[in-house]
Amino acid sequence: MNNIFKIFAGLIITVSIVGCSDILETNPNDILDTEDYINKEDEMYKGFLGILNRMQEAGDHSIFLTDTRCNYLEVTDNAPDALQDIYNYQPTDGNEYANPTCYYAIVIACNDYFYKMGEYHKTVGGMSESAETHFKALISSAVRIKAWAYYMLGRIYGQAYWTDDPLTEMKDLGDASVFTHCDMKALMDKCIALLDNGVTVDGVVIDAKQEMNWYEWLDEENQNASNYYKWQYLTPPWLLLRAELLSWRCNYLPADAARADWQWIHDNILQYLYDLHNGNITVPAVSNEKDNNGNFIETLGYIFQLNIPLQSDAANAYFKIFCSEEIGSKMQIASAIMYDYDNHQRNRLVQYFCPTWPGTDGFFLKPSAYGVNLYNEQDLRSPVQKMVVNSDLNGEPAVTKFYYCYDFFTRSYQYLRERINEIQPTILTFRGHDFHFLLAEAENHLGHEWSSAALLGNGLTNEFADKTIPVNEQWGTVTTVIGSQGQDSLVMTTLYDGSWFGGNGGYGNSGIAGTMLDQTYYVSTSGDRVRVDSLRAYCKQQMSAGLMTEEQRMRLYDEVLAYEYSKEYIAEGKAYSYLCKMAERYNDKNIVVHIVEPKYAASGKPGKCANYIASNGYWVQWNLLNESNTKK
């Protein structure tokens, strides 16, 4: 009998109970049994930390599983055979790196948390007003985490088994009353419904939008929000998560229904960015100002003005993320999985990417020769600039974004900690450019080619220097002046002002590629890369000559987005799945092949990607009903 417990052995009722001093610590000795789990108010949040523990365990999974198959990384000779098999497009069913258990463990932990929180709520018969508020916020956060876990399963494996059961007893995976097998369309529908409807716990309907104000709970006496700003990044944000799910669901919907979803993404992201830009809402951040002791000042600020100091003397006081969007020391982060070496929390990013890791056997992945040549010399992600993605260490090209950064204060490069093995980088689940790519997708499919191209390329400032922008949905002459009234004025007002898109580091409004000083290579439908000065001008010329339809233009824009996405999200576990999203949208495997296969051809291994995908598709394969897999 195929049993779910063979897959998730030992994961049932395994939510850790930890203290504030051991935030997010993963310790099997802390695991309590069913009878002990949540029996007083302060254990409500401790139980939630158990869910975060499961997220920590899953944090680097998609990076090693999917980025190895994208167009940038290659394996070193030190890499384990299983990782080399992933890279070489060998069958993944049974490969230890392809095992999806870590995401199902999150789902089980969330379901169990809903059940146990309901039991506790019923037992106490009433909570203090503060506890009741936090009770709902914790549940709401767990709802988003569960949807995120299924989103990860979908975009990696193209399918998943859905369950809302707390699994307090052994259940067969084939039991349709407990587990529902979902393809991507069904999975996205279920995730969106979960976000829209929330869950009912002890008769209380709890939606997915509520935010946990951690400082109110953890710092009841002082109520100092700035001391706990990092906690606010633990849970995926409702807006970005729902927008991502909608962008996937659009692949499987008829045109009218898809357009409604694209419109929702357009309206809600623009409104959010507009409110953020104008100070109507704020999100946690840290200032780039220092106090009298030379320490950076924590404060509440804007998401696009989040500063992460790179100096080693601040290593223990401020959490570090890679410099993927470094413009005038500005960073972008929406949510993240965090680790703390001092509390025995680990991920494998530095070990796998750093050639100077202690010992000689830990360096498994490095930039391919093809990958580093994707960027022009001026690009901040290029090996020439060495500011964002990679650098040479000990004579080896290396992905250094997680641990070795350019320090704008000392004008030098350095590790984030003196002891390399103590660097435990944050793994982002969502960041600023997710807003930008989603908005560019939506604008494209709503026929707003001008704003989609500007978002992708060099920004509205450079594209429309006279501040006159066409707002009609087809090519024509109807224009509006930036700042005019109406929904599209949100585009004008928000995107034109350079203070959020490029930061105030001197680059102004410069778009996704322009932010990195990139001269974009655009992918044609034949798989060749064609550089053009203006995507809009190129398409307009092609359409005017009758060589391109609006549908073909829309697909070209999507392929350009996919190519740029693969360059922007290096080693973040997201780029390959974005290619899969576009391949699903146009029912064309070659969208993946055209972007990935040149890496293998350049290294003398042509056909590695193309031949495998032609036979097996682009999803990672793992059969949960396979007896040999369930025992892993």
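**Notebook: burial, pairings and rings in a predicted model**

I looked up Asn-88 first and recorded that it counts as buried, because its relative accessibility is 13% and the cut-off for buried is under 20%. I note here that the model is a predicted one. Asn-88 sits in the loop that runs between helix H4 (81–87) and helix H5 (101–124). Leaving aside residues up to four places away in sequence, I found that Asn-88 touches Lys-605 and Lys-608.

**Whole chain**

I then turned to the chain as a whole. It has 632 residues, and 62% of them count as buried. I listed 24 helices and 18 strands. I also looked at contacts between residues at least 6 apart in sequence; 69% of these join residues at least 24 apart. The accessible surface of the chain is about 23,300 Å², and carbon and sulfur atoms account for 45% of that surface.

**Cysteines**

How many disulfides does a search of the whole structure find? I recorded zero disulfides. Cys-191 is in no disulfide, and its nearest cysteine sulfur, which belongs to Cys-182, is 8.3 Å away. For a disulfide, the two sulfur atoms would have to be within 2.5 Å. I entered Cys-191 as buried because its relative accessibility is 0%. Cys-110 likewise counts as buried, at 0% relative accessibility.

**Helix H19**

I next examined helix H19, residues 535–544, where Leu-535, Arg-536, Cys-539, Gln-542 and Met-543 are buried. Viewed down the axis of H19, these buried residues fall within an arc of 135 degrees, and therefore they line one face of the helix. After H19 comes Gly-546, and I noted that its phi is positive, near 75 degrees.

**Hairpin E10–E11**

I followed strand E10 (residues 390–393) and strand E11 (residues 396–399), which run antiparallel and are joined by four bridges. Within this pairing, Ser-391 stands opposite Ala-398 of E11. The two strands form a hairpin with two residues between them. In the turn, Asn-394 has a positive phi of about 55 degrees.

**Aromatic rings**

I counted 27 aromatic pairs. I looked closely at the pair of Phe-64 and Phe-353: the ring centres are 6.3 Å apart and the planes are at 45 degrees, so I classed the pair as tilted. Phe-64 belongs to helix H3 (residues 61–66) and Phe-353 to helix H11 (residues 349–353), so far along the chain that the pair links distant parts, 289 residues apart. Are these two rings' residues buried or exposed? Phe-64 is buried, with a relative accessible area of 1%, and Phe-353 is buried at 0% relative accessibility.

I then took up Phe-437 and Tyr-578. Their ring centres lie 6.1 Å apart with planes at 70 degrees, so this pair is edge-to-face; the cut-off for that class is over 60 degrees. Phe-437 lies in helix H13 (residues 432–445) and Tyr-578 in helix H21 (residues 575–586), so the pair ties together parts 141 residues apart in sequence. I recorded both Phe-437 and Tyr-578 as buried.

Finally, I traced a cluster in which ring pairs link Tyr-45, Phe-48, Tyr-113, Trp-214 and Trp-231.

Notes
Residues numbered from 1 in each chain as written. Predicted model: local features only at pLDDT ≥ 70, side-chain atom pairs only at ≥ 80, totals over all residues. Heavy atoms only, no water. Buried < 20%, exposed > 50% of the residue type's maximum accessible area, 1.4 Å probe, protein only. Arc of directions from axis to C-beta. Contact = heavy atoms within 4.5 Å. Areas by Shrake-Rupley, 256 points an atom, 1.4 Å probe, with all protein chains shown as cover. Pairing = 2+ DSSP bridges. Phe/Tyr/Trp six-rings, centres within 6.5 Å; stacked < 30°, edge-to-face > 60°.
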